[in-house]
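Hi everyone, thanks for making time this morning. I'd like to walk you through one model, starting from a single residue and working outwards. Let me put it on the screen.

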Amino acid sequence: MTLGEAVFLGILQALGEFLPISSSAHLALFPFFSGGVYQGLTYDVALHLATLIAVCAYFWKDLLKLTINGLSRPKSEEGRQFWYIGLATIPAALAGYFLQDAAENVFRSPLMIAVMLMLFALFLFLADRYNAKLKSYKTVFPLAAMMLIGCAQALAIMPGVSRSGATITAALLLGFSRAAGARISFLLSIPIIAGAAVLKLKDISLSEIDGPFMAGFFAAMICGWLVIKFLMKYIQSHSFDVFVYYRWILGIVIIALYFLK
């Protein structure tokens with residue numbers, strides 16, 4: 001992997017992780033479009049760790065408040081949300097544990113990725129339209145709502161679904177605003193990304209941590225913070241349509257290239 005490829009993949013990871021366009025799909029499709037070799041799930045997880053640092057840095061005040069209240073005042077609103085986030089992570093953790101082999105092989109078919117990109121873009125499109133018609137929005141995330149959003153996150157084991165896209169879609173359908181849905185989506189990503197990184201870091205040898213590896217890591221971390229900042233401001237006055245259209249176009253391109261090849 002060259003320095004340029006590493007930085008490109010790092011930026012790609014940051015864009016795909018926080019924008020609802022699926023980072024795992026883009027990382028898996030990179031060899032399909034470039035003709036190169038897939039860098040492996042371990043490198044994917046290393047890039048996820050970089051974006052984990054980015055989301056923690058952006059939401060550090062929220063994390064601090066949630067953690068303090070979760071440990072000292074578990075019955076308060078922030079305290080309950082802290083524990084609800086942990087419980088809502090369980091579906092995705094189970095999916096990752098039982099479907100890891102499929103995630104590395106079966107689910108990475110270009111055709112399957114294309115279908116997931118387009119199908120879940122449609123779900124996001126419809127959820128956004130439904131949400132825009134609501135006259136008021138919910139402000140409290142009860143346990144049932146958090147578990148449903150957590151189940152949506154579990155679907156992201158399939159590249160093309162998009163973890164942020166699936167969780168935001170679920171939040172929109174449950175009656176939360178775009179901003180609230182994005183916020184809980186980002187916070188919900190923290191434990192699942194951290195867990196995946198911890199499990200996979202043991203497979204990284206020191207010989208793999210070279211210059212390009214670190215360049216990709218820092219590119220993902222810095223770009224990730226900028227992408228979160230952009231999205232949280234963007235959705236204040238815009239719909240998710242641009243991401244929906246992008247996913248549909250990308251899906252069509254993948255299918256066309258697949259059959260042309």
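Let's begin with R178. Leaving aside residues up to four places away in sequence, R178 touches D128, N131, A132, L172, I235, H238, S239 and F240. Please keep in mind that this is a predicted model.

Where does R178 sit? It lies in helix 11, which covers residues 178–201. Of the neighbours I just listed, D128 deserves a closer look: D128 and R178 form a salt bridge, with the closest N and O atoms 2.9 Å apart. This pair links distant parts of the chain, since D128 belongs to helix 8 (residues 110–132) and R178 to helix 11, 50 residues apart. And is D128 buried or exposed? Its relative accessibility is 1%, so D128 counts as buried.

How many salt bridges does the structure hold? There are 5, and I'd like to show you two others.

One of them joins the side chains of E17 and R163, at 3.3 Å from N to O. E17 is in helix 1 (residues 3–18) and R163 in helix 10 (residues 163–173), so this pair ties together parts that lie 146 residues apart in sequence. E17 is buried, with a relative accessible area of 4%, and R163 is buried too, at 11%.

The other is R80 with E77, at 2.8 Å from N to O. Here both residues lie in helix 5 (residues 77–88), 3 residues apart, which is about one turn of the helix. R80 is partly exposed at 31% relative accessible area, and E77 is partly exposed at 29%.

Now over to the surface. L87, I90, L94, Y97, F98, L99 and L143 make a nonpolar patch of about 700 Å². Which helix gives the most to it? That is helix 6 (residues 90–98), with 4 residues. L94 is in helix 6, and at 45% relative accessibility L94 counts as partly exposed.

Finally, let's zoom out. The protein chain has 13 helices and 0 strands. Its radius of gyration is 18 Å, which agrees with the value near 18 Å for a compact globule of 261 residues. The C-alpha trace spans about 50 × 40 × 35 Å along its principal axes. Buried residues make up 51% of the chain. Among contacts with a separation of 6 or more, 82% are between residues 24 or more positions apart. The chain exposes about 12,300 Å², with carbon and sulfur atoms supplying 72% of that.

That's my tour, and I'm happy to take questions.

Technical notes. Residues are numbered from 1 along each chain as its sequence is written. This is a predicted model: local features need pLDDT of at least 70, side-chain atom pairs count only at pLDDT 80 or more; totals for chains, interfaces and linings use all residues. Side-chain values use heavy atoms; hydrogens and water are left out. Helices (H or I, at least four residues) and strands (E, at least two) are DSSP runs, numbered from the N terminus. Contact means heavy atoms within 4.5 Å. Patches are made of residues with over 30% relative accessible area and no salt bridge: like charges are joined within 9 Å, nonpolar side chains (Val, Leu, Ile, Met, Phe, Trp, Tyr) within 5 Å. Accessible areas come from the Shrake-Rupley method with a 1.4 Å probe; for residues, only the protein chains shown count as cover. A salt bridge is a side-chain nitrogen of Lys or Arg within 4 Å of a carboxyl oxygen of Asp or Glu. Buried means under 20% relative accessible area, exposed over 50%, partly exposed in between (1.4 Å probe, protein chains only). The radius of gyration is taken over C-alpha atoms; the globule rule is 2.2 Å times the number of residues to the power 0.38.
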